[in-house]
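Visitor: I should like to take a close look at a single part of this model. Please keep to that part at first, and then place it in its surroundings.

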Amino acid sequence: MEARRHNLRQGWALRPRIEPALRPCLFLLAWAWSALALCAPHDHKTSVVLAPGYAPLAFLPPAPGSYALPTMGDAADGDVIDSRGNAARLFEFLGDKPTLLSFIFTTCDDVNGCPLATYVMRGVHDALQADPKTANKVRLISFSFDPLFDTPDVIAAYGAQFRDPDADWQFLTTDGPSSLDPILRAYDQWVIRDYDQNGDYMGTMSHILRVFLIDKERRIRNIYSTSFLHADTVVNDVRSLLIESNGPAAVVGR
Amino acid sequence: MIKRGFVMTLLASLLTIQAAYGDETCMSPYMAKIVGQEDYVYIWTLGLEGVGDGEDKLVTVDVNPESASYGTVIHSISMGGRNEAHHSGLTDDRRFLWASGLDTSKIFIFDVHSDPAAPRLHRTIDDFVDKTGGIVGPHTNYALPGRMLITGLSNNRDHGGRTGMAEYTNGGDFITSVWMPTDDNLQGAVKSGNYADGYGYDARALPRRNVLVSSSFTGWNNYMMNLGKMMGDAEAMKRFGNTVVIWDLHARTPKKILDVPGAPLEIRCAWGSQSNYCFTTTALTSKVWLIYEDEDGEWQAKAVADIGDASKIPLPVDISISADDRHLWVNTWNDGKVRLFDISDPFAPQQVMEEKIGEQVNMVSQSWDGERVYFTSSLLANWDKTTVTGENDLQYFKLYQWDGASLKPQFNLDFIELGLGAPHQMRFGARALYGGSSAQSPSGLGAPPAY
């Protein structure tokens, strides 16, 4: 285990200077390398068609503030552990700025699942940071639903692959199912663990990818899944929430 | 016992790998998918007076040929009355089946994950009209990410065809509603032809183009009227939808209203990653229509084929597109026939086969590999036939095997003889979607599955 962590810490990470057109390929290389480094049990899928979130958006998204994001209910609280091993409540990370929350596990081997969420969140971060009006106005949370493997050390190493050191991007886990299950239940995020016919856990999971947009009032304002998740539309949704809170000047007129 | 991997969940985007995965082809692209053989078909069934308990039912049929109970009804849950049971749809994670009633505007949410062989009623939405600001007749239950889109057929002001769409969380909490664009309130949409009737019926999404397509039928006054009476009422026959609306999917705002005269019903969009088009059929004019994005990025509508002899009113109803976008099954309710069109050229569909299925036929669902084709018979309580001209084949659920050339009957369940009622919408289920007993724990960290 220690060797795996070491490999991750020494791993290569994305940086903003990389040409945007190359980022999907490089991200996938990083993801594949990470999966191998972690020795996650996984099947090799062939001819996987990448989700739309990896490519340039194929349509002009509606302008920020021009459409409604009706409330889909309240975000839920719960006991979590951050990547430094500190116990906390999830609400400590919600409520002061719009937040993107994705449920992932670090050994996820479906390129259109957790890696897509992480890739898009990185894109959202980069786009908002590039604009002085929106820099540091959003928080990203990658929340593991695999407490057995994703210890604080593991999620810290995983996070280091994908974020800038100064990014407001939190990587969270839990101390086990007693803390995790109430949170997953509240967010309606269900996971199916794969067992072989002897009843032994195979180390793989299936789940519907969901990324939640949560506003400053801790209300869920949108949910994205694989076909729907793209940095450009998420950025516009975040900008819409900023306009809602602070008026159009929050996102225009640099 | 089933093998892990024989059936599994997949993410929606993987569906673009055509013919590799199995599921009915008419579902939301956002939905978890089934690989291989489905275990169950859930049939939303109209209650008929004098048939069994006379109540609407969700009927579960075992359709796995390796099962000892293959081809039999293994479960039925009655709803305590009749609601004009019509359409149903699964949430994006397939944990819940939403089934709606066109008369009472109730929506019944069934838990299909705790025991997929025996769905149980989880929640009933009985304030749909109030919550939505007057929408009546919830029809299509369509999965969007973490939520359900419900199309309406009518309204509570005049029970005519003007209506809207609503969104609910997967758990059944109301989110929002929007009304269809009309001449007096286009809501920013472009009226491209003669009509902006505000009618509704079905809806389907093309997420890669940020498009939602909606169609239009008729209001409560008509769909609850006796068919013969309505056909003889010239004024009533004027009150059918003539439009398809193109929406901005992300913003849920109407962009363009297309003329598609004659009550365009079911919408089925192509699955191909570069196929920016959908099909619909018109009930009154008996045509296949193509709804497509042209080279300039403009959405257009074009009648591309006739369905039978329109003068004989075959009445096209449900359609089903194959996973490879090459074929379209078209049911015509009045003559009880299914027709298969080759749609390899979507602008020039060619009919390649035609077969009588029953006295009447309404819904059609096919497996993703196209090898299994299911049919049910019922259209609407006051429109369904009550007498037969041939063999007693009025209300049924049938499975056929399709080998690319002919349909071979597998089983036929007579829903009258079984005391069930009039079967309508079919949805597929599979045990392995829910991970066996670990389904009781969101993290899956409970006991391993029993199989």
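Which residue stands opposite Ile81(A) in strand 5 of chain A?

Guide: The residue opposite Ile81(A) in strand 5 of chain A is Thr173(A). Please bear in mind throughout that the model is predicted.

Strand 5 of chain A comprises residues 169-173. Of its 5 residues, 5 are buried, and the strand is accordingly described as mostly covered. The covering applies to both faces. On one side lie Trp169(A), Phe171(A) and Thr173(A), and on the other lie Gln170(A) and Leu172(A), all of them buried. Thr173(A), the residue with which this answer began, thus belongs to the side that also carries Trp169(A) and Phe171(A).

The pairing of strand 5 may be taken next. Strand 1 of chain A, residues 79-82, runs antiparallel to strand 5 of chain A and is joined to it by 2 bridges. Ile81(A) and Thr173(A) face one another in this part of the chain. Strand 4 of chain A, residues 139-144, also pairs with strand 5 of chain A, here in the parallel sense and over 4 bridges. Within strand 5, Phe171(A) is the bridge partner of Ser142(A). A helix completes this arrangement: strand 4, helix 4 (residues 152-160) and strand 5 of chain A together make a right-handed β-α-β unit.

Chain A as a whole has 6 helices and 9 strands. Its 254 residues include 48% that are buried. If one considers contacts in chain A between residues at least 6 apart in sequence, 72% of them join residues at least 24 apart.

From chain A one may pass to its contact with chain B. Chain A supplies 44 residues to this contact, and chain B supplies 43 residues. The side of chain B that touches chain A consists, by class, of 17 nonpolar, 17 polar and 9 charged residues.

The largest nonpolar core has 181 residues. The members that touch the most other members are Leu100(A), Ala117(A), Val120(A) and Val124(A), together with Val41(B), Val213(B) and Ile291(B). Helix 3 of chain A, residues 114-129, gives the most to this core, namely 8 residues. On the side of chain B, Ile291(B) merits a separate word. When residues up to four places away in sequence are not counted, Ile291(B) touches Val213(B), Val244(B), Leu258(B), Tyr277(B), Cys278(B), Thr280(B), Trp299(B) and Ala301(B).

Chain B has 4 helices and 31 strands. Of its 451 residues, 60% count as buried. For contacts in chain B between residues at least 6 apart in sequence, the share that joins residues at least 24 apart is 53%.

Two sheets of chain B may be described in turn. One is an open sheet in which 4 strands follow the order 9-10-12-13, with antiparallel pairing. Its edge strands, each pairing on one side only, are strand 9 (141-144) and strand 13 (174-179) of chain B. From one strand to the next, the twist averages 25°. Strand 9 of chain B runs antiparallel to strand 10 of chain B, residues 147-151, and 4 bridges join the two. Asn141(B) has Ile150(B) in strand 10 as its bridge partner.

Another open sheet of chain B has 4 strands in the order 23-24-25-26, and its pairing is antiparallel. Strand 23 (316-321) and strand 26 (350-356) of chain B form its edges, and each pairs on one side only. Neighbouring strands of this sheet are turned against each other by 20° on average, direction ignored. Strand 23 of chain B is joined by 4 bridges to strand 24 of chain B, residues 327-332, and the two run antiparallel. In strand 24, Val330(B) is the bridge partner of Ile319(B).

The loop between strand 24 and strand 25 (337-342) of chain B contains Asn334(B). Asn334(B) counts as buried because it has 20 C-beta neighbours inside 10 Å. Apart from its neighbours within four places in sequence, Asn334(B) is in contact with Ile313(B), Pro314(B) and Leu315(B). Thr285(B) is 49 residues from Asn334(B) along the chain, and the C-alpha atoms of the two are separated by 13 Å.

Notes
Residues are numbered from 1 along each chain as its sequence is written. Chains are lettered from A and ligands numbered from 1 in the order in which they are written. This is a predicted model: local features need pLDDT of at least 70, side-chain atom pairs count only at pLDDT 80 or more; totals for chains, interfaces and linings use all residues. Two residues are in contact if their C-beta atoms, placed from the backbone, lie within 7 Å. Ala, Val, Leu, Ile, Met, Phe, Trp, Tyr, Cys and Pro count as nonpolar, Asp, Glu, Lys and Arg as charged, and the others, Gly among them, as polar. A residue is buried if 20 or more other C-beta atoms lie within 10 Å of its own, exposed if 12 or fewer, and partly exposed in between; C-beta atoms are placed from the backbone. Two strands pair if DSSP finds at least two bridges between them. A crossover is right-handed if, with the strands pointing away from the viewer, the path from the first strand over the helix to the second runs clockwise. Axes are lines fitted to C-alpha atoms, for helices over the stretch in contact, and angles run from 0 to 180 degrees between N-to-C directions. A nonpolar core is a set of buried Ala, Val, Leu, Ile, Met, Phe, Trp, Tyr and Cys residues joined through C-beta atoms within 7 Å.
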